[in-house]
Amino acid sequence: KTYTKVDQDTCIACGSCGACAPDIFDYDDEGFAYVTLDHNTGTAAVPEELQDDLEDALDGCPTDSIKVADAPFNEEEEKAG
Ligand code: F3S
(Lines give C-alpha, C1' and ligand atoms only; values in the text may rest on other atoms or scores of the structure.)
Protein backbone atom coordinates (compact mmCIF):
# COMPACT_ATOMS: atom_id res chain seq x y z
CA LYS A 1 0.00 0.00 0.00
CA THR A 2 1.01 3.59 -0.54
CA TYR A 3 0.41 6.57 1.70
CA THR A 4 0.92 10.16 0.73
CA LYS A 5 0.85 13.62 2.18
CA VAL A 6 1.87 17.11 1.14
CA ASP A 7 4.59 19.02 2.95
CA GLN A 8 2.85 22.36 3.12
CA ASP A 9 6.04 24.05 4.32
CA THR A 10 7.61 23.57 0.91
CA CYS A 11 4.53 23.51 -1.34
CA ILE A 12 4.47 26.65 -3.48
CA ALA A 13 0.83 26.22 -4.51
CA CYS A 14 1.82 25.54 -8.09
CA GLY A 15 -1.37 23.62 -8.68
CA SER A 16 0.11 20.71 -10.60
CA CYS A 17 -0.78 17.87 -8.27
CA GLY A 18 -4.51 18.52 -8.27
CA ALA A 19 -4.48 18.57 -12.05
CA CYS A 20 -2.64 15.26 -12.20
CA ALA A 21 -4.55 13.58 -9.41
CA PRO A 22 -7.84 15.37 -8.72
CA ASP A 23 -9.10 12.46 -6.63
CA ILE A 24 -6.15 12.71 -4.27
CA PHE A 25 -5.19 16.38 -4.00
CA ASP A 26 -7.13 19.56 -3.44
CA TYR A 27 -6.10 23.03 -2.33
CA ASP A 28 -6.77 25.05 0.77
CA ASP A 29 -7.86 28.70 0.75
CA GLU A 30 -4.32 29.84 0.05
CA GLY A 31 -3.80 27.36 -2.75
CA PHE A 32 -1.58 24.99 -0.85
CA ALA A 33 -2.21 21.37 -1.61
CA TYR A 34 -3.44 18.72 0.79
CA VAL A 35 -4.47 15.10 0.48
CA THR A 36 -8.24 14.81 0.48
CA LEU A 37 -8.26 11.11 1.38
CA ASP A 38 -7.26 11.70 4.99
CA HIS A 39 -7.04 15.47 5.56
CA ASN A 40 -3.35 15.31 4.71
CA THR A 41 -2.45 13.08 7.62
CA GLY A 42 -0.94 10.40 5.40
CA THR A 43 -2.86 7.70 7.18
CA ALA A 44 -5.24 6.49 4.44
CA ALA A 45 -3.92 4.12 1.79
CA VAL A 46 -4.09 5.50 -1.74
CA PRO A 47 -6.58 3.37 -3.70
CA GLU A 48 -5.02 1.09 -6.30
CA GLU A 49 -6.78 2.84 -9.19
CA LEU A 50 -5.25 6.17 -8.20
CA GLN A 51 -1.64 4.98 -8.11
CA ASP A 52 -0.89 6.17 -11.64
CA ASP A 53 -2.32 9.59 -10.88
CA LEU A 54 -0.14 9.74 -7.78
CA GLU A 55 2.96 8.90 -9.82
CA ASP A 56 2.14 11.70 -12.25
CA ALA A 57 1.65 14.15 -9.41
CA LEU A 58 4.94 13.10 -7.82
CA ASP A 59 6.80 13.60 -11.07
CA GLY A 60 5.14 16.96 -11.65
CA CYS A 61 5.67 18.63 -8.30
CA PRO A 62 8.48 21.18 -8.74
CA THR A 63 9.36 21.28 -5.06
CA ASP A 64 9.15 17.57 -4.18
CA SER A 65 6.52 18.45 -1.62
CA ILE A 66 4.52 15.28 -2.18
CA LYS A 67 5.73 12.66 0.25
CA VAL A 68 5.03 8.98 -0.14
CA ALA A 69 5.62 6.00 2.09
CA ASP A 70 4.56 2.38 2.22
CA ALA A 71 3.35 2.75 5.78
CA PRO A 72 1.10 5.37 7.38
CA PHE A 73 2.85 8.60 8.28
CA ASN A 74 3.43 9.05 11.97
CA GLU A 75 1.15 11.74 13.32
CA GLU A 76 3.50 12.47 16.20
CA GLU A 77 6.20 13.37 13.73
CA GLU A 78 3.86 15.75 12.02
CA LYS A 79 3.14 17.60 15.25
CA ALA A 80 6.84 17.83 15.99
CA GLY A 81 7.54 19.23 12.55
FE1 F3S B 1 2.29 22.14 -4.07
FE2 F3S B 1 3.69 20.46 -5.46
FE3 F3S B 1 1.09 20.36 -5.52
S4 F3S B 1 4.16 22.59 -5.10
S5 F3S B 1 0.43 22.45 -5.25
S6 F3S B 1 2.39 19.97 -3.77
S7 F3S B 1 2.45 19.99 -7.23
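**Cysteines, ligand shell and loops**

Visitor: How far is the sulfur of Cys-20 from the closest cysteine sulfur?
Guide: In this predicted model, the sulfur of Cys-20 lies 7.7 Å from that of Cys-17, the closest cysteine sulfur, and this is too far for a bond. A disulfide would need the two sulfur atoms within 2.5 Å.

Visitor: And how many disulfides does a search of the whole structure find?
Guide: Zero disulfides turn up when the whole structure is searched.

Visitor: Is Cys-20 buried, exposed or partly exposed?
Guide: Cys-20 counts as partly exposed, because its relative accessibility is 25%, and the partly exposed class lies between the buried limit of 20% and the exposed limit of 50%. Cys-17, by contrast, is buried, with a relative accessible area of 8%.

Visitor: Where does Cys-17 lie?
Guide: Cys-17 is part of helix α1, which covers residues 16-20.

Visitor: Which residues does Cys-17 touch, leaving out those up to four places away in sequence?
Guide: With those set aside, Cys-17 is in contact with Pro-22, Phe-25, Tyr-27, Ala-33, Ala-57 and Ile-66. As for its distance to Leu-58, the C-alpha atoms of Cys-17 and Leu-58 are 7.5 Å apart in space, although 41 residues separate the pair in sequence.

Visitor: On to the ligand, then. Which residues come nearest to the ligand?
Guide: There are 14 residues around the ligand, and those that come nearest are Cys-11, Gly-15, Cys-17, Cys-61 and Thr-63, so the buried Cys-17 of the earlier answer is also one of the residues nearest to the ligand.

Visitor: What is the shell around the ligand like by class?
Guide: The shell consists of 10 nonpolar and four polar residues, with no charged residues. Cysteine is counted among the nonpolar residues and glycine among the polar ones in this classification.

Visitor: Where does the ligand sit?
Guide: The ligand occupies the largest cavity.

Visitor: Back to the cysteines: where is Cys-14 found?
Guide: Cys-14 belongs to the loop that runs between β1 (3-6) and α1, and Cys-14 is partly exposed, with a relative accessible area of 42%. Its C-alpha atom is separated by 17 Å from that of Thr-36, at 22 residues along the chain, while the C-alpha atoms of Cys-14 and Pro-62 are separated by 8.0 Å, at 48 residues along the chain.

Visitor: What does Pro-62 touch, not counting residues up to four places away in sequence?
Guide: Pro-62 touches Ile-12 and Cys-14 on that count. Pro-62 itself is placed in the loop between α2 and β4 and counts as exposed, because its relative accessibility is 51% and the limit for that class is over 50%.

Visitor: Any odd backbone angles? What about the phi of Asp-64?
Guide: Asp-64 is not a glycine, yet has a positive phi of about 55°. Asp-64 also lies in the loop between α2 and β4 (66-69), and is exposed at a relative accessible area of 54%.

Visitor: And what is the phi of Asn-40?
Guide: Asn-40, again not a glycine, has a positive phi of about 65°. Its place is in the loop between β3 (33-35) and α2 (51-60), where Asn-40 is buried, with a relative accessible area of 8%.

Visitor: Last one: is Lys-5 buried or exposed?
Guide: Lys-5 counts as buried, because its relative accessibility is 11%, which falls under the 20% limit. Lys-5 lies in strand β1, and its C-alpha atom is 9.8 Å in space from that of Pro-72, a residue 67 residues apart from Lys-5 in sequence.

Methods: Residues numbered from 1 in each chain as written. Predicted model: local features only at pLDDT ≥ 70, side-chain atom pairs only at ≥ 80, totals over all residues. Heavy atoms only, no water. Near = heavy atom within 4 Å. 1 Å grid on protein atoms, 1.4 Å probe; cavity = no way out; pocket = protein on both sides within 12 Å on 5 of 7 lines; lining within 4 Å. Sits in = over half its atoms within 2 Å of the grid points. Buried < 20%, exposed > 50% of the residue type's maximum accessible area, 1.4 Å probe, protein only. Helix = DSSP H or I, 4+ residues; strand = E, 2+ residues; numbered from the N terminus. Contact = heavy atoms within 4.5 Å.
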